[in-house]
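Student: I should like to learn how to read the metal and ligand sites of a model such as this one. Could we work through them in turn?

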Amino acid sequence: MERKYTVGSGLLFLLIAGVIGYFIGLGIDALIMKSVRWTAPVPSAFALLFAFTAFFFGVYGYRGITRGLVYQVVWTLIGGFIVTGIRAARGLSVFSGFFFTEPAWVFGALAGAVAFLFGVGVMDDWVKWARGIDTPEHHEDEPGWEKYLGVSLDHKVIGIQYTITALFLIAVGGTFALIFRTELAASGLQFLNVDMSLFGQNGPQLYNTLMSLHGMIMIVSILLGISGIINYAVPLLLGAQDMAFPRLNAFAYWVSVPASVLLLMSLVLGGFDTGWTGYPPLSAKAPVGQQMFFLGVFVAGWSSILGALNVIATVLRMRARGMTSMRLPIFVWASIATSIIALTATQLIGLSFQLVMFQRLFGMGFFDPAKGGNPVLFQHLFWFYSHPAVYVFVLPGLGVISELLPVFVRKPLFGYRWVAMSSLGIALVGFLVWAHHMFASGMNEYLRVPFMYSTLLVAVPTGVKFFSWVATIWNGKISTPTPMLFVLGAIVVFLMGGLSGPPNATVSVDLHLHDTYFIVGHFHDTIFGGFVFPFFAAIYYWFPKATGRRMNEFWGKVHFWLMTPSFLILTFGMMRVGLLGMRRRIADYDPALGFDFTHLILTICAFAIALSVLIFIVNLFHSIKHGEKAEGNVWNSRSPEWQVPSPMPSHNYEQPFEVVGEPYDYGLPGSKYVEFIPARGGKH
Amino acid sequence: MRHFVVVGILVVAVAVLTYLGLHTVGLMPVPASAQAGPIDWLWDLQIKAMTFLFALIVVPMVYSLFVFRRRKGDTSDAEHIEGNTTLEIVWTIIPLFMVLGMAYIGAENLAETRRVDPDAMVVRVTGYQWGWTFDYPDYGITSNELYLPVNRQALLKMESRDVIHSFWVPEFRVKQDLVPGRVTELRITPTLIGDTYKVRCAEICGTSHAYMEAPVIVVEKVAFEAWVAEQQALASEAGQTPEGRGLALVTANGCRACHSIDGSGGVGPTWFQLAGSEVPLSGGGTVVADDAFLKESILQPQAKIVAGFEAQQMPAYNFTDEQVADIIAYIKTLK
Amino acid sequence: MAHTQNKRSMLNQGVFIFVYLAVLTVLEFLVALSFNSTAVLVAVALVKGALVVYYYMHIYKLNAEHEGDHHSYEYKSGTNRVGLWLFLVSDSFVFGGLLVMRMNLLGLTRPHLDQTLGLFVTAILLISSFFMNRGETMIANGDRRGFLANTLITFLLGLGFLIGVVFVEWPNAIHEGIKPDNGPAGAAFFMMTGMHAFHVFTGLIFLAIVWFNGRRGLYDEKHYPVEAAAVYWHFVDVVWIVFYPALYLVGTAIV
Ligand code: HEA
Ligand code: HEA
Ligand code: CUA
Ligand SMILES: [Cu+2]
């Protein structure tokens, strides 16, 4: 490989290919629609896909992710044309305002997603196995950063791939939020007005698309983010060489890439206006973008399911000697609890979306009252996943809090068993509460009170965690480097979110709160407290392990002190206007309500948060090369991964270890958690 | 021990101050229905509990950050305390009883907001993209505004014509979705006279969800009866002429949710000066808005799409030829 | 434990289980014809499912091989087994969701389907499980020819089932007026059988793969792939054991 690839050349390629793609799309569109439509979906879609692919071509060449994307684009078109051909042969309509007809888009998109996987190369080994050919257990990765753009089986590489993808999606989803927050800064329609038209949508509709995509892209980014942390940390904490199924692990990561592309395609293919929840009958009527959204979530769901499967198998089968269940690092317990939910419940969101897709494609009337269907059934299927999912989001984050607190407080985790079991408790009770999203939905009346009881019960195990954290902190010797700041921030913010939960859970009060900005405030608090803050904490904490360098402390603190107050004001403000009558998911609000000033403040806070995240991203990439060297046990932790020098060697521990004590016995002189078993010579 | 006393005092102080602060600011809009009473009462109770719990956790945490912070140069670990089972049980059991109590109160509270008044006045509410129509079966009138007599329970029987909507008047608190294919019910007893309330659709229902609002006017019994009489008179008068009947149909079907009658914009093209004008079509060409075109536009909206507007937005309607003629007669009056 | 029993007793066990299953299926059919008790039908389906899960899918093997060298084939097969079962747990939530959908939309009514055909395809799938069990037992005991023959039979029966459902039952139902797009009964019927047929189809692919690789001489010592294909195949059978009464037997038929 002689050519030198750089980010610079990638960006150049991106620009050129974007423009070329746009005009090719414009030409095709004009040819078929017989009029030049500058803002039509097809040119934008081509521009997007071309630019994306060319960027990776510029930085990486034609292999790995680039090849995957090319395959995806080509097969989307092939798939689309196949269906279009069949339709033409059967005398059905052939093209629509969105170029392909809906069935053609759906089939093409699915074919494209599958083709991506073959193109990128995650299927290679499995194809060989199916043909009866053995493959080596490990493939050596190429050195340097380039390994991150192709298939790697190393859980640390995959963890970092997940993390970077999650950050990318947070930036995309956050940018969408900034766009629609700007629209909300004052009442009336500012720039998303009825006269504008983009991607086949007018302003208010584009608002709905951006808002809905913000929700789902952020949720996917959470799922990828937790997978990132879990993938990186869990095998290290267990003393395993890798995950139980390294190929499945790579597969689970790589399906999330075409899934993200599909989600972005829904923006340009007419969008959709249902919010992330996609309730029919509205979702049965929305443009093709809705189908791309459903497909994207469906494919991303597989990432979540297979990742969770791998985590559970790894914990069950790959632990170091002596690591009994009550000596597992607490983060591992959280990962198991999360994975149990993700493994099982995720199927239901896939199914519910699939049923709407089929309703649209084949006219099957599952949720269509005119055909004997039941719209409320969808909500039950959907929330059976999507409520437990919120605990998927937060349990790993709460695990990070419990894992890091003892390190920075220099005291054992207070009530280890209780904290461990409370994760399982939350996960299990979480399965029984879904209908609290449906108190006003017109479901059977008698279900409301039992679901109120079950929902409120979740407060009990969550409370155990909070009280145990406080007891851990109490009387400790507390230091507050950046990761610890984010841990503390997480506790406060999550507490705000958690405590705004019980009012929603009591039916009568929820009849007022439902579908208002109070709910929006509630879940931004829980999600930031339970995921975003701990995610940042985890990155700051494990960054030295991955790179051998530290992230800049000063900018880390700036990040924290800019983000936390802005965020608290943001969600307080949301709750306030929500109580006073601000509905969710509206592009414009009644000026008579007098919310203009509050909304302006909220928008400013949103930009402050974005700035802080930008600072973080710059700090992250800058520190990879220029951070202060940190190869030892930076945080003076007892955890096994910190007992060996950083960065971690590619096959993890050179010598296996044995667990000889409790994980968090800070302050007990002479105690040890793990002991390395002297090598018996030769490699195993 | 001293630490515990100080923290205890601080927790109480912070909780009380926070609660008082929130209470002074006021969190809810004015309560204007009998249902708002119990809900606001329970909400207030919850705010008390939540401020206390918030203080209970955050105050000791912040206190520790200051008092137990690591001094410069100290590299030793803190005291080795693994946990305390009694404490864990305590902070499992107490919240358990708290939430059970809250759920019990919540159930009672819910029952109170649903108390049935046998004399309730029935109003049939129809939601559609993107407007509301209110029928008063007892009086045989139809309106796009919700008039309610004060202190008399209204039983809303709600239906949706297309997608899910949700009936919500913030001052009345309670909320209920309208689900296509079934009738959902909500009981509201307005207690405060006023004309600034609005029904605000609370479930996303497409492009103009934000604008799916309708005025709610709560008046004295006498004023309500006067309004009813007036509406009845108008209706019977209107029934005499085609354009009058057309207006009634337009009201009942909520056409004006999308079509303005004064030339202003909207989801659909305005009807102002529509009849006889030249209408540009999407995909090129124009058509003269004669009776045939108007009829087609109403019965098969997808047949010709007006330039600059979305296909698929306007639902197809099933009117008799006579009804269509009435509507067209009404549209022709808009000059 | 695979190797503590000898081949003959394992094959005999397969026969016994198959007889139980056959008897229960007939019983179920008669119950539906005579007094149609939903509770009894559910109970019978559960018993049948449990028999398959225990004896054909030998779920107890999950307990084995927790200790030992993490790099041995045995230990890795144990891990693979855990992974496969986790996948099946996950997958059963899809089918559970479909059952919920069916109960919600149809309650105690069911589409008016061809009973003979239903019983016939059910029988084919049960018989295929029997042969699958034999095939797996054979390869575990080093009998490659037996394995190949039995797997081939399984494959053909599976193909027969698929054809029966998709190319006979579907047109048949459409002919009777049960269409995907004309009511809840059709929607539920096509969705449930379609999703199941898709799983049968993937199962056939796995069977084909192990059959070809078996013919090429693999699986002398390392025969976990055969076990995996077999367990998956039986899982698809278990799903049908539940779907069959749900679609054909429970409740009263509506036209
Ligand atoms: C990360 C995610 C997350 C988490 C952890 C939670 C946690 C909780 N949520 Fe939240 N929720 C969401 C994300 C989350 N939620 C989202 C995204 C939505 C909106 C979805 C949509 O419509 O788009 C939502 C909506 C939502 C609703 C529906 C509102 C509506 O639309 O009408 C309800 C109703 O019951 C609810 C309740 C709760 C409760 C009771 C908890 C509990 O788990 C909280 C438990 C924690 C505490 C209570 C604090 C600590 C405990 C103590 C200090 C002990 C003592 C406490 C007591 C005695 C009370 N949530
Ligand atoms: C992880 C979850 C997550 C996160 C992090 C956020 C973050 C934010 N959210 Fe969102 N939000 C949701 C999940 C999340 N949200 C969900 C699920 C919904 C419900 C959707 C629905 O109703 O269907 C929602 C809805 C929602 C609404 C309600 C919309 C409506 O009902 O109409 C609002 C309104 O203010 C909002 C605001 C914000 C803001 C200001 C941020 C800010 O924190 C964003 C800050 C900005 C960034 C984090 C980006 C910064 C980075 C850059 C600028 C980098 C520059 C770019 C490159 C380098 C490429 N969100
Ligand atoms: Cu109707 Cu929103
Ligand atoms: Cu929930």
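**Reading the metal and ligand sites**

Tutor: Let us begin with a distance: the copper ion (ligand 4) and the iron atom of ligand 1 are separated by 4.5 Å. Please keep in mind that this is a predicted model.

Student: Which residues coordinate the copper ion (ligand 4)?

Tutor: To read a metal site, one lists the donor atoms and then their places in the sequence. Here A:H387 donates through ND1, while A:H436 and A:H437 each donate through NE2, at 1.8 to 2.1 Å. The spacing of these donor residues in sequence is H-x48-H-H.

Student: Is A:H436 buried or exposed, and how is A:H437 classed?

Tutor: The class follows from relative accessible area, with buried meaning under 20%. A:H436 has 13% relative accessibility and therefore counts as buried. A:H437, with a relative accessible area of 23%, is partly exposed.

Student: How many donors does the protein offer to the iron atom of ligand 1?

Tutor: The protein provides a single donor, NE2 of A:H522, at 2.2 Å. A:H522 belongs to helix α19 of chain A.

Student: What surrounds ligand 1?

Tutor: One looks at the shell of residues, then at the chains and helices that supply it. The shell around ligand 1 has 32 residues, of which A:Y391, A:D510, A:H514, A:H522 and A:R584 come nearest. The site is shared between chains, because residues from both A and B surround the ligand. Among the helices that supply at least two residues each are α12 (375-409) of chain A and α2 (36-67) and α3 (85-113) of chain B. The greatest contribution is that of α19(A), with five residues. By class, the shell comprises 19 nonpolar, eleven polar and two charged residues.

Student: Which side chains have polar atoms placed against oxygen atoms of ligand 1?

Tutor: Polar contacts are read from distances between N or O atoms. A polar side-chain atom of A:D510 is 2.6 Å from an oxygen atom of ligand 1. For A:H514, an N or O atom of the side chain lies 2.7 Å from an oxygen atom of the ligand, and for A:W276 the corresponding distance from a polar side-chain atom is 2.8 Å.

Student: What geometry does the iron atom of ligand 2 have?

Tutor: In general, six octahedral donors have ideal angles of 90 or 180 degrees. The site of the iron atom of ligand 2 is octahedral, with angles of 86 to 179 degrees among its six donor atoms. The protein donors are A:H214 and A:H524, each through NE2, at 2.0 Å. This pair links distant parts of chain A, 310 residues apart: A:H214 lies in helix α7 (residues 203-238) and A:H524 in helix α19 (residues 517-547). Both A:H214 and A:H524 are buried.

Student: How is the shell around ligand 2 made up, and which helix gives the most to it?

Tutor: The same reading of shell, helices and contacts applies. Ligand 2 is surrounded by 30 residues, with A:R181, A:Y207, A:H214, A:H524 and A:R585 the closest. Helix α7(A) gives the most, seven residues. The classes are 22 nonpolar, five polar and three charged residues. As for contacts, a backbone N or O atom of A:R585 is 2.6 Å from an oxygen atom of ligand 2, whereas A:Y517 places a side-chain N or O atom 3.5 Å from an oxygen atom of the ligand.

Note on methods: Residues are numbered from 1 along each chain as its sequence is written. Chains are lettered from A and ligands numbered from 1 in the order in which they are written. This is a predicted model: local features need pLDDT of at least 70, side-chain atom pairs count only at pLDDT 80 or more; totals for chains, interfaces and linings use all residues. Side-chain values use heavy atoms; hydrogens and water are left out. Donors are N, O and S atoms within 2.8 Å of the metal (3.2 Å for Na, K and Ca); water is not among the atoms, so sites may look incomplete. Four donors count as tetrahedral if all angles lie between 85 and 135 degrees; four count as square planar and six as octahedral if opposite donors are over 155 degrees apart and all others between 65 and 115; anything else is irregular. Helices (H or I, at least four residues) and strands (E, at least two) are DSSP runs, numbered from the N terminus. Buried means under 20% relative accessible area, exposed over 50%, partly exposed in between (1.4 Å probe, protein chains only). A residue is near a molecule or strand if one of its heavy atoms lies within 4 Å of it. A polar contact is a pair of N or O atoms within 3.5 Å; within protein, one must be able to donate a hydrogen and the other to accept it, and residues adjacent in sequence count only if both atoms are side-chain atoms. Ala, Val, Leu, Ile, Met, Phe, Trp, Tyr, Cys and Pro count as nonpolar, Asp, Glu, Lys and Arg as charged, and the others, Gly among them, as polar.
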